[in-house]
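User: Please give me a close look at one part of this model, namely its pockets. I should like to know what lines them and how the terms are defined.

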Amino acid sequence: MRLSRRTLLAATTGAVGLPATPAAAAAGRQLRTGFERLAAGGYAPLDGQRVGVVTNPTGITRDVRHIVDVMHADDRVNLIAVFGPEHGFRGTAQAGGSEGRYDDPATGLPVYDTYLKSGQPLADIFTASGVDTVVFDIQDVGARFYTYIWTLYDCMAAARLAGKRFVVLDRPNPVTGRAAQGPVLHKEFATFVGREPIAQAHGMTVAELARLFNGEFLATPVPLETVLMSGWRRSEFYDASGLPWVPPSPNMPTADTALVYSGTCLFEGTNLSEGRGTTRPFELLGAEGIDRSWAEAVGQLGLPGVHFREAYFAPTFSKFQGRTIGGVQIHVHDRAAYDPVRTGIALLVTAKEVWSGFTWRADHWIDKLTGSTGVRTMIDAGATVDEVVAAWQDELAAFRRVREEYLVYR
C-alpha cells in the first residue's frame with residue numbers, strides 16, 4: 001500500500017526550492033526560510049489563488065515583520081483569510097486557549113479559530129473562508145506533543161476534505177534534525193498532543209512532517225507543495241540560523257526551552273511543577289518537600305551533556321502558584337551530546353525514588369505524552385533508566401526507517 005501511495009504522492013506533491021549544497025555552504029551560506037524563498041520567487045505557487053494562512057506570532061521575516069502583514073501589502077498575493085491555532089494568530093491566549101473569530105485590526109482580514117477543530121468542521125471553515133489555497137507557516141520545536149504539528153496535520157486533512165491546495169513554508173527544527181528519539185505513539189493513545197505514530201522527538205522540519213503525514217497517515221493525500229529552506233543543515237541548532245526567536249507559545253520563551261522540552265514536558269503528567277509560571281519553564285522542575293537529594297541523585301547517573309543544580313522557586317501561576325518549592329534546574333553544557341528524552345526519563349525515575357509525594361496525574365496524562373502505558377508502568381515497577389529506554393528501541397528503529405524516506409535536508 002505504501003508504494004502505491006507514494007506513486008500517488010509523486011503526482012500530488014510539489015517541492016519549491018532545493019536544500020543548500022555543500023558548495024553553497026562553503027561559499028558562505030545564509031539560511032533562507034520557506035517564506036523568504038516564496039517571496040523571492042514572486043509568490044509563484046500562489047499565483048491566481050485566493051489564499052488563507054495558518055500562522056501565529058512566529059510567522060515572521062528576519063526583520064520581524066509578520067508574513068501576513070507583508071503579504072497583505074503585496075499586490076502579488078490575494079490574501080483573504082487568516083487561521084489562528086492554539087494561543088491565537090497574534091498570540092494573545094495562554095495554554096489551552098485561542099482568540100476566537102475576529103477581524104484583524106492591522107489588516108482587516110477575517111481571522112478564523114482552528115483550535116481543537118478538525119475533520120469536517122474545520123473543512124467547513126476553509127470552505128466558508130473562500131480560500132483556494134491554505135498556507136502553513138509556524139515555528140515548531142521538535143516534540144511530538146507540541147500541538148502545532150497536529151494543527152498542520154488537521155489542516156491538511158481538512159483541506160483535502162474541502163478540496164483546497166496546501167502549501168507548507170519551512171522553518172528550522174530548532175533542536176536539529178539529527179535523529180529521532182524516544183517512544184513512538186501507539187494509535188490507541190492518539191490525542192491532540194499526538195495524532196499519529198511518530199517519535200517523541202521527531203527530528204524533522206514541518207515540511208518533512210507534512211510529506212510524512214501525506215505519505216503515511218492521511219487516508220487520501222492532499223495536493224501539497226512544500227517551500228523548502230536553503231542553507232539549513234540537520235546538525236544545526238537554532239542560533240546558527242541567524243533568525244530572531246519568537247516564542248511559539250507563552251511557555252516556550254527561548255530556543256533553550258525547546259532544547260529540553262521534549263523530555264521535561266513529561267512532568268505535565270505528574271504532580272510536580274514543570275516550571276510554568278517561572279522565567280525558565282521546563283528547565284526548572286520541583287515540588288513542595290523536595291530538597292537537594294534530587295539533584296544529587298540524577299547527577300550521579302552521569303547523563304551526557306547536562307548538569308543539575310539544586311533550585312528553589314515560586315511559580316506565579318500553574319502548579320504550586322505563589323509557594324516556594326524545591327527541585328532542580330537543568331543546565332545543558334554540551335548540546336550535541338545531550339539526549340532530552342533520556343534525561344526526562346532519568347528525572348522521572350529519580351524524582352520517584354527520592355520524593356515520597358511523587359504521583360502521576362490521576363487521568364494518566366503521562367500515557368498521552370509518552371504514547372503508551374509503557375513508561376508509567378515500567379517506572380512504577382522499579383525499572384531503571386536503561387530498561388525504560390531499551391523498551392522503545394524496536395519501535396523507534398521502525399519509525400526511523402520510515403522517517404528517512406521523507407528527509408529532504410542533509
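Analyst: Residues are sorted here into three classes: Ala, Val, Leu, Ile, Met, Phe, Trp, Tyr, Cys and Pro count as nonpolar, Asp, Glu, Lys and Arg as charged, and the others, Gly among them, as polar. The model is predicted, so local features need pLDDT of at least 70 and side-chain atom pairs pLDDT 80 or more, while totals for chains, interfaces and linings use all residues. Residues are numbered from 1 along each chain as its sequence is written, and side-chain values use heavy atoms, with hydrogens and water left out.

The largest pocket (an open set of points on a 1 Å grid over the protein atoms alone, where a 1.4 Å probe fits, with protein on both sides within 12 Å along at least five of seven lines) has a volume of about 460 Å³. Its lining, meaning residues with an atom within 4 Å of a point, comprises 26 residues. Nearest the centre of the largest pocket lie Glu86, Ala95, Thr147, Glu268 and Arg276. Among these, Glu86, Glu268 and Arg276 count as charged, Ala95 as nonpolar and Thr147 as polar. Over the whole lining, the division is 14 nonpolar, 6 polar and 6 charged residues.

The second largest pocket holds about 170 Å³ of space. Its lining has 15 residues, and Val175, Thr176, Arg178, Ala179 and Gln181 are the closest to its centre. Of these, Val175 and Ala179 count as nonpolar, Thr176 and Gln181 as polar, and Arg178 as charged. The lining of the second largest pocket divides into 6 nonpolar, 7 polar and 2 charged residues.

Definitions and conventions
Points joined across faces, edges and corners; volume = space filled by probe spheres on them.
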